[in-house]
Amino acid sequence: HDDADVHAHHPAHELKKKGRPPAAMMSVNVGVIVLCLTYTPTRAFRQHLGAWKGTKPVVRSGPVPLHAVGIFYSTTTGNTETVAGYIQEAADLGEIEDIGSVSDDVITSLDGLVVGAPTWHTGADEMRSGTSWDDWLYTNLPNLDLKGKKVAIFGVGDQVSYADNFCDAAGELYDCFVGRGAEIVGMTSTDGYDHTDSKAIRDGKFCGLMCDEDNQPDLSAERAAAWVKQLKSEGMPF
């Protein structure tokens, strides 16, 4: 067959002469129009687009709050984690995290920090907690600018067996965070405790919330709830 003749007598060719597009072409065009009107970018596409624009990935899942506060602790026996859980519940915050597993970018991105440690190295001038804090305070923290960031401190200790050094590590947290420009909130009264001395006392008050899971475990949740209420009144952006 002559290709020119076949083309000249093809039905589609006849339709073109009359100004009407072929049926096949019509269906394809309609399909394209519908696709353009109904297509919604997938989540993966949006993430790819965000990466292309150079935006940073979201560290935590879920909606990002206007004011973000993180609770960070480290522990040897689990008591500090227990108290962190009481604070978390009272403040209705997300998960608590061990300071040893948190990136510096997370710390600096938050509007407020709640930090807590036990006291293990009794009588020590520094590295008093025997936890991840001992390295973090002197390796990571010196590189961070926390000027103006609100920080609240909690400590866990044994006021009976270690009456002369009750919650000393909380005082170390205080000194180190103040040294990086942090604004400490949440000072509390020393009333209701049976200790002799503590490096966590500043101007006659504890530098934060002090709990004793060995001798006063029944008071910790109540103390945490009252402390969170105090922190809110002092501007901690829960």
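Strand 3 sits well inside this predicted model: of its 7 residues, 7 are buried, so the strand (residues 112–118) is largely enclosed by the rest of the structure. That holds for both of its faces. Gly 112, Val 114, Gly 116 and Pro 118 point one way, Leu 113, Val 115 and Ala 117 point the other way, and all are buried.

Strand 3 also has partners in the sheet. Strand 1 (residues 69–73) runs parallel to strand 3 and is joined to it by 5 bridges. Here Gly 70 can be picked out, with Leu 113 of strand 3 as its bridge partner. Strand 4 (residues 150–156) is another parallel partner, and 7 bridges join strand 3 to it. In this pairing Gly 116 is matched with Phe 154 of strand 4. So much for the bridges; the connection by way of a helix comes next. Strand 3, helix 7 and strand 4 together make a β-α-β unit, and the unit is right-handed.

Helix 7 (residues 133–139) brings in the aromatic side chains, since both Trp 133 and Trp 136 lie in it. A search of the whole structure turns up 6 aromatic pairs. Take Trp 133 and Trp 136: their ring centres are 5.5 Å apart and their planes stand at 90 degrees, so this pair is edge-to-face. Along the chain the two are 3 residues apart, or about one turn of the helix. Both tryptophans are buried.

Trp 136 has a further ring partner in Phe 177. The centres of these two rings are 6.0 Å apart with the planes at 25 degrees, and because planes under 30 degrees apart count as stacked, that is the label for this pair. This contact links distant parts of the chain, with Trp 136 in helix 7 and Phe 177 in helix 8 (residues 168–179), 41 residues apart.

How exposed are the two partners? Trp 136 has a relative accessibility of 4% and therefore counts as buried. Phe 177 comes out at 0%, so it counts as buried too. The cut-off behind both calls is a relative accessible area under 20%.

Put together, Trp 133, Trp 136 and Phe 177 form one aromatic cluster. Within the cluster, Trp 136 makes an edge-to-face pair with Trp 133 and a stacked pair with Phe 177. The helix that carries the two tryptophans is also the helix of the β-α-β unit with strand 3 and strand 4.

Methods: Residues are numbered from 1 along each chain as its sequence is written. This is a predicted model: local features need pLDDT of at least 70, side-chain atom pairs count only at pLDDT 80 or more; totals for chains, interfaces and linings use all residues. Side-chain values use heavy atoms; hydrogens and water are left out. Rings of Phe, Tyr and Trp (its six-membered ring) pair if their centres lie within 6.5 Å; planes under 30 degrees apart count as stacked, over 60 as edge-to-face and the rest as tilted. Helices (H or I, at least four residues) and strands (E, at least two) are DSSP runs, numbered from the N terminus. Buried means under 20% relative accessible area, exposed over 50%, partly exposed in between (1.4 Å probe, protein chains only). Two strands pair if DSSP finds at least two bridges between them. A crossover is right-handed if, with the strands pointing away from the viewer, the path from the first strand over the helix to the second runs clockwise.
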